[in-house]
Amino acid sequence: MTVSPPIKATAAVQGKLDKLGLHTVADLLLHLPLRYQDETRLYPIAHAPQGQAVLVEGEVIDTNVQYRPRRTLVCRVEDGSGEMTLRFLNFYPSQIKQLSAGKRVRLFGEMRYGFLGMEMVHPQYRMVHEGDAVAEALTPIYPTTAGLSQAALRKLVLAALSAGDLADTLPDDVTQALNLPGFAESIAYLHQPPPDAPLELLAERTHPAWQRLKFDELLAQQLSMSLHYRRRRAQSAAAMPSQHKLTKALLESLPFPLTRAQQRAGRELAGDLACPHPMQRLLQGDVGSGKTVVAALAALQAIENGFQAAIMAPTEILAEQHFLKLSGWLAPLGLRVVWLAAGLPKKDKLAALEAIAAGTAHLAVGTHALFQDQVEFHNLGLAIIDEQHRFGVHQRLALRKKGAQPHQLMMSATPIPRTLSMSYYADLDVSVIDELPPGRTPIVTKLVGDSRRDEVVARVREACLKGRQIYWVCPLIEESETLQLKTATETFEALSAIFPELKVGLVHGRLNARDKAAAMEAFKSGATHLLVATTVIEVGVDVPNASLMVIEHAERFGLSQLHQLRGRVGRGTASSACILLYQTPLSETARARLKIIYENSDGFEIARHDLLLRGPGEFLGARQSGVPMLKIADIEQDMNLLETARQVAAKLIAERPDVAERHLQRWLAGAEQFLKV
Ligand code: ADP
Ligand code: MG
């Protein structure tokens, strides 16, 4: 394997390059321009087109500082065809001298027709001599960082172009069949496009040279996921075929039959567990679709084969709910479920740890406390991760290390649109629960401006008096947890004063485990009518009698958060409503979000809109996903290329593994380790 040589640069420059993720010559080659400047053509001042950036050159006639309307360096330049004015609002004293009369200057900027004729404001300029050559290629403008000039970066890229490895990783027959140009040719073209290059195609990134590099990147991604998948399939794990004992017993004890979608997902999981390879499956299902019971069946299949199972949830509230629900299901089958959270009293914690280590605990439920070093499983066979998108890569990895090679089930209520899942979850098997249990009542969503708060208060009172229960969600304050807490307490006090006849509860992230559990229990049992809550109730909380939710400052929440919050109601038989209180004026995106959540109830549809609104990077959260993000390709714009890349990847792996290896080496030299998660 060849490794690309490091960049020849001083430590200071390399420090800047590191910030851009540029460590080797190969990295520099793939650091592609954001856009281009046309400095290949020198225009006469009198005939320079307006409204676009152009290159002109002339002799300085005079330069002075004007003080009105504000301090400005004003410079007159002429080139025989005409005269123009330059204006600099920010300037160094040295520039006055630099631009003194008689000097020759080459300018690049947008020509405008101003008060004194043609002018440029803050042009780029440099001093030249008559007859100095103009650029032969379009000038690339690269993504850069403070302290690293375009000129310096260009020089480094230029050096990389002559020193770097530009050999094609793909054989001609592959690229020709796809009508794509060669690698070396494409790289050279994008770094130094000829003067007549079609600027528009370059800007849109639809030029064949761009297409080639996008394809290469997508191909590398598909290859990597596919190899990762195969590598895992080649590992061995304990086979745990269904014994139809415990699973059957649970199914018989449930007060409801599984939906068809749950049955299908259940079969897929059962099949995976029966195989002697580690399962890596993502179970997707909208909020309330009933993922927990499917997970419980998988856990029972592991347990009836003599293994332990673990369920990890992102919040203590959710973990505790799982614990209660799962104990309720499993204890009658004679199984021991233990609970592990950071806030547990020492004695209880030790007891739980002991039961986990001795194997007397069949199922462990908890938060990230489950994968701390002190936790040793007797024989963990299945690790289940609920709301997987909430966990970082390292946390997921840590739980996997707890077993020799446990099967792994991830669950998510954030549906991933097809384009994204093809691209980012190609290394996982996916099961989808695309059906809600029957008898759910649709949730009516209302958008209410904050000026109509009184009406909302009246409605809440009325609903409570009818025996219904209500969530009141406090505004999200991302910048400060302290402020968030303060708001929650204040909201609690204000609502307690407004509703003296009601029992109001409060739950937030900073309560200790016991108080949190008590607050949830009081609400669940109906002792509390109205629960003031922060977003801690966003995931998983399940109180069927709650049928009204008020969300304050709904405009501050993200789409998936709103969808998840709203999913806390509509779980019982009473008709449910969600009131989104918002503060005007609304920003454009906030307005768009509220419109989407108002018009859609299907999580997949909402996710699709969310992706369009935010783009894949933000949607997935680069750090969360743990998969290298695409730098060049854009999975929405380049959907067709992605399809093609997927097919080519499969063919290469099957028929020409050496080519696949070579290609991956170039594109994922540093990033591949992420994929091992
Ligand atoms: P989520 O997929 O959001 O995790 P849960 O597993 O919490 O959903 O299930 C939501 C609620 O629906 C729970 O109260 C659960 O007991 C109930 N439920 C699950 N499956 C069914 C079903 N097939 N029929 C009726 N209710 C069900
Ligand atoms: Mg859930």
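1. Let's start at a single pairing: C75 has L86 in β5 as its bridge partner. Strands β4 and β5 (residues 83-88) run antiparallel and share six bridges; strands count as paired if DSSP finds at least two bridges between them. Helices (H or I, at least four residues) and strands (E, at least two) are DSSP runs, numbered from the N terminus. Four residues link β4 and β5 in a hairpin, and G80 in that turn has a positive phi of about 95°.

2. A word on ground rules: this is a predicted model, where local features need pLDDT of at least 70 and side-chain atom pairs count only at pLDDT 80 or more, while totals for chains, interfaces and linings use all residues. Residues are numbered from 1 along each chain as its sequence is written, chains are lettered from A and ligands numbered from 1 in the order in which they are written, and side-chain values use heavy atoms, with hydrogens and water left out.

3. Back to β4 (residues 72-78), which has another partner to look at. Strand β3 (residues 53-66) pairs with β4 in the antiparallel sense over seven bridges, with V65 matched to L73 in β4. A hairpin of five residues joins β3 to β4. Five of the seven residues in β4 are buried, meaning under 20% relative accessible area, with exposed over 50% and partly exposed in between (1.4 Å probe, protein chains only).

4. Now for β21 (residues 530-533): L530 and V532 point one way, L531 and A533 the other, and all are buried. In a regular strand, side chains alternate between the two faces of the sheet. Strand β19 (residues 469-473) pairs with β21 in the parallel sense over four bridges, and so does strand β20 (residues 504-507). L531 is the bridge partner of Y471, and G505 also stands opposite L531.

5. Helices α19 (residues 559-566) and α20 (residues 588-599) pack at about 35°, their axes 10 Å apart. Those axes are lines fitted to C-alpha atoms, for helices over the stretch in contact, and angles run from 0 to 180 degrees between N-to-C directions. L559, L562, H563 and R566 of α19 meet R593, L594, I596 and I597 of α20, contact being heavy atoms within 4.5 Å.

6. Zooming out, the chain has 24 helices and 23 strands, and 52% of its 677 residues count as buried. The C-alpha trace spans about 95 × 65 × 45 Å along its principal axes. Domain 1 and domain 4 have centres 48 Å apart, taken over C-alpha atoms; the domain bounds come from an automatic or database domain assignment.
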